[in-house]
Amino acid sequence: MNAMQPPDAKKKFVKEKFSSISGRYDLLNSLLSLQIDRYWRWRTTRLLRSFADGWVLDLCAGTLPLALELTRQARERRVLAVDFCEDMLRAGAKTLPADDRQHRIFPVCGDGELIPAPSNAFWGCTVAFGVRNLSRTLEGLREMHRILRPSGKLLILEFSRPTNPIIKPVYTFYLHRVLPAIAGMISGDKEAYQYLASSIAAFYEPEELLAMMREAGFASVTRLPLTFGIVSIYIGVKQ
Ligand SMILES: C[S@@+](CC[C@H](N)C(=O)[O-])C[C@H]1O[C@@H](n2cnc3c(N)ncnc32)[C@H](O)[C@@H]1O
């Protein structure tokens, strides 16, 4: 799959790939990131601590790891977890802990470019490793803006490319060589992880994504790089 594919072809490809790896997604996530992904999700969720008891929409929710962290950090919070790949949501729903969180997470199958939720309804919108997969990024950002209440916050956790001259070549080698080989063996779908590497390489520069967030209507737009800039949290507020 090349990054310049027409939007509908990309959408079909992405849905099929996530469906094919859904059963092994969590295991591979922890293995390939050495569990640093937990820290990244924790940091992202902490940024919503001033909205501890409102509804949050977690877009591209996948197997629900961020929805779990969002409901773990705030006991009154409810999360609408939207993803267009039913198999990912089903895999996540199977692993929900037997505590009150299973009654505060509401998985819904739907497209991030046409979010099945009312306008001005959520205090927070989170997207972890999902924006890169959208076919029409600006449409998705406009939808995230629409569903947020005024003064609600958008948090996008996404891979970025480290610029440190020592880290950069090591990371590039890991991403393009080591990761597809290991993940391909475990998941049985090497192509899915080649797509992961190429989609990270082809994704917008941080300044481009920040500009698109402004274009979609967000204010106070900032970026918080984590772990040598391997990932970033992009923050925006609906005025
Ligand atoms: C890399 S996974 C991330 C899952 C989860 N947020 C996490 O932190 O592990 C990306 C998810 O985005 C979903 N996705 C991609 N494009 C989408 C779209 N247009 N609408 C809804 N979900 C989408 C995929 O189905 C997949 O579950």
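**Ligand shell and sheet: a short Q&A**

Me: How do the residues of the shell around the ligand divide into nonpolar, polar and charged?
Reply: This is a predicted model, and 21 residues surround its ligand. Among them, Tyr 25, Arg 41, Cys 60, Asp 83 and Gly 112 are the closest. Sorted by type, the shell comes to 12 nonpolar, 5 polar and 4 charged.

Me: Which helices each supply at least two residues of the shell around the ligand?
Reply: Look towards the start of the numbering, at the stretches 7–21 and 25–32. Each supplies at least two shell residues, and they are helix 1 and helix 2.

Me: How much of the ligand's exposed area does the protein bury?
Reply: Let's begin with the polar contacts. A ligand oxygen is 2.7 Å from a side-chain N or O atom of Tyr 25, and a ligand oxygen is 2.9 Å from one of Arg 41. A ligand nitrogen is 3.2 Å from a polar backbone atom of Phe 84. Taken alone the ligand exposes 600 Å², and the share buried by the protein is 98%.

Me: Which are the edge strands of the open sheet?
Reply: The sheet has 7 strands with mixed pairing, in the order 3-2-1-4-5-7-6. An edge strand here pairs on one side only. That description fits strand 3 (105–109) and strand 6 (218–226).

Me: Which residue in strand 2 stands opposite Leu 57?
Reply: Strand 1 (residues 55–59) and strand 2 (residues 78–83) run parallel, joined by 5 bridges. Opposite Leu 57, in strand 2, stands Leu 80.

Technical notes. Residues numbered from 1 in each chain as written. Predicted model: local features only at pLDDT ≥ 70, side-chain atom pairs only at ≥ 80, totals over all residues. Heavy atoms only, no water. Near = heavy atom within 4 Å. Polar contact = N/O pair within 3.5 Å; in protein donor to acceptor, adjacent residues only side chain to side chain. Areas by Shrake-Rupley, 256 points an atom, 1.4 Å probe, with all protein chains shown as cover. Helix = DSSP H or I, 4+ residues; strand = E, 2+ residues; numbered from the N terminus. Nonpolar A, V, L, I, M, F, W, Y, C, P; charged D, E, K, R; others polar. Pairing = 2+ DSSP bridges.
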